[in-house]
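Here are some short exercises to help you find your way around a new structure. Try each one with the model in view, then read the worked solution.

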Amino acid sequence: MPTKTTSNKPKNKRSNLQKARPKAPTPKKTGTSKYIFIGLAALVVLGGLMWWLPKKGEVMDIQKNMETYLEDKYNKDFVVGEPKLTGAGIGITGSWRAGAYPKDDKNLAFEVGKVEEEQRFFDDYTSYVWHREELPKVEGFLSTIYEEERLKRVSLHVGINTGQEPGPISGTIPSIDTAIRDYNDRFYYQLGVSLNVKSLSTEVKSDIRNQFTEILGFINARGVKDPSFGIGVGVEDEGMTYSCSTSDISDNVSLEKMLDNCLSHPSKKGVK
């Protein structure tokens, strides 16, 4: 009887080969959403450019007009920075403002402005010219009444009140003495002094009162009609600051009473 033999070969060789063969990768489908996104992004960029280019041109025109205004007014060359629109809102007219300085004096930085939608310019160039002239006089006087370690800071603002209107001075800037004399009713003179003391003893209070009066006399002697003066006194032992100002003087509050009040009640915590 013939012997039945079995084979180790797979019965379905082709089927097994098909199973072993790796499948070809399926091509990726590119959706239309990607192209839509790219198109929208391009539109946004294009729209931004269409807005920015005219705006940039407007800013450059304003900058150039500011330079022309200053040069025509003061008969010298100026450098004007990029103007920024400030204070504008719904129903509110803003103003374009930029930093500027004379080409021959980079350290004399000031501000020039233009009223929005109007050909009306203004600047505070004269104020900074006078500030440079007056500050050494003030500091020289203060050095005669304050110890160096006690006087911490001096703040001075001088000029003619013009608002957002062109100032009355053009060409060569007169001295501050001449300006005070000729524009007395409109001339402002604001001086602030910061002091630091160890303690606010009776003796120190007396010194501060006398010094306040001396400084006010110095300012009045400059011929200013309505000056403003204030001091801030930082007291280290208390960690408090006391503030005294001529703005607190009134028909009912004399200089002496104002000084009594301000040196008795601290205005805030902390010492600058």
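Helices and strands here are DSSP runs, with at least four residues for a helix and at least two for a strand, numbered from the N terminus. On that basis the chain holds 6 helices and 10 strands. Keep in mind that this is a predicted model.

**Exercise 1. Get an overview of the chain.**

Task: Find what share of the chain's residues count as buried, and what share of its accessible surface belongs to carbon and sulfur atoms.

Solution.
- Step 1: The chain has 272 residues, and 32% of them count as buried.
- Step 2: The accessible surface amounts to about 17800 Å², with 53% of it belonging to carbon and sulfur atoms.
- Step 3: Now turn to contacts between residues at least 6 apart in sequence: 61% of these join residues at least 24 apart.

**Exercise 2. Describe how H5 and H6 meet.**

Task: Work out how helix H5 and helix H6 are oriented to each other, and which residues make the contact.

Solution.
- Step 1: Locate the two helices, H5 at residues 202-221 and H6 at residues 255-262.
- Step 2: Their axes come within 11 Å and cross at roughly 135°.
- Step 3: Angles over 145 degrees count as roughly antiparallel and 65 to 115 as roughly perpendicular, with the rest beyond 35 degrees being oblique. H5 and H6 are therefore oblique to each other.
- Step 4: The handedness of the H5 and H6 crossing is right-handed.
- Step 5: From H5, the contact uses Arg209, Phe212, Thr213 and Leu216, while H6 brings Leu255, Glu256, Met258, Leu259 and Asp260.
- Step 6: Sorted by type, the residues of this H5 and H6 contact give 5 nonpolar, 1 polar and 3 charged.

**Exercise 3. Do the same for H3 and H5.**

Task: Decide how H3 is oriented to H5, then sort the residues of their contact by type.

Solution.
- Step 1: The axes of H3 and H5 are 11 Å apart, and the helices pack at an angle of about 150°.
- Step 2: Because angles over 145 degrees count as roughly antiparallel, H3 is roughly antiparallel to H5.
- Step 3: H3 and H5 cross in a right-handed way.
- Step 4: On the H3 side you will find Lys137, Val138, Phe141 and Leu142, and they meet Glu214, Ile215 and Phe218 of H5.
- Step 5: The residues of the H3 and H5 contact comprise 5 nonpolar, no polar and 2 charged.

**Exercise 4. Place two residues of H3.**

Task: For Thr126 and Glu133, say whether each is buried or partly exposed, and name what each touches beyond four places in sequence.

Solution.
- Step 1: Thr126 is part of helix H3, which covers residues 125-142, and Glu133 lies in H3 too.
- Step 2: Buried means under 20% relative accessible area. Thr126, at 11%, is buried.
- Step 3: Glu133 has a relative accessible area of 27%, so Glu133 is partly exposed.
- Step 4: Leaving out residues up to four places away, Thr126 touches Tyr74, Ile169 and Ile173.
- Step 5: With the neighbours within four places set aside, Glu133 is in contact with Ser175 and Ile176.
- Step 6: Glu133 and Ser175 are 42 residues apart in sequence, yet their C-alpha atoms are 8.0 Å apart.

**Exercise 5. Follow a loop residue.**

Task: Find where Ser170 sits and which residues Ser170 touches.

Solution.
- Step 1: Ser170 belongs to the loop between strand S6 (151-160) and helix H4 (176-182).
- Step 2: With a relative accessible area of 46%, Ser170 is partly exposed.
- Step 3: Not counting residues up to four places away in sequence, Ser170 touches Lys73 and Tyr74.
- Step 4: Ser170 and Leu70 are 100 residues apart in sequence, and 9.3 Å apart from C-alpha to C-alpha.

**Exercise 6. Look at two positive phi values.**

Task: Asn75 and Glu117 each have a positive phi. In which loops do they lie, and are they buried or exposed?

Solution.
- Step 1: Phi is near 55° for Asn75 and near 65° for Glu117; neither residue is a glycine.
- Step 2: Asn75 lies in the loop between helix H2 (32-74) and strand S1 (78-80).
- Step 3: Glu117 lies in the loop between strand S4 (110-115) and strand S5 (121-123).
- Step 4: Exposed means over 50% relative accessible area. Asn75, at 64%, is exposed, and Glu117, at 70%, is exposed.

Methods
Residues are numbered from 1 along each chain as its sequence is written. This is a predicted model: local features need pLDDT of at least 70, side-chain atom pairs count only at pLDDT 80 or more; totals for chains, interfaces and linings use all residues. Side-chain values use heavy atoms; hydrogens and water are left out. Buried means under 20% relative accessible area, exposed over 50%, partly exposed in between (1.4 Å probe, protein chains only). Contact means heavy atoms within 4.5 Å. Accessible areas come from the Shrake-Rupley method with a 1.4 Å probe; for residues, only the protein chains shown count as cover. Axes are lines fitted to C-alpha atoms, for helices over the stretch in contact, and angles run from 0 to 180 degrees between N-to-C directions. A crossing is left-handed if the near helix is turned anticlockwise from the far one by less than a right angle, and right-handed if clockwise. Ala, Val, Leu, Ile, Met, Phe, Trp, Tyr, Cys and Pro count as nonpolar, Asp, Glu, Lys and Arg as charged, and the others, Gly among them, as polar.
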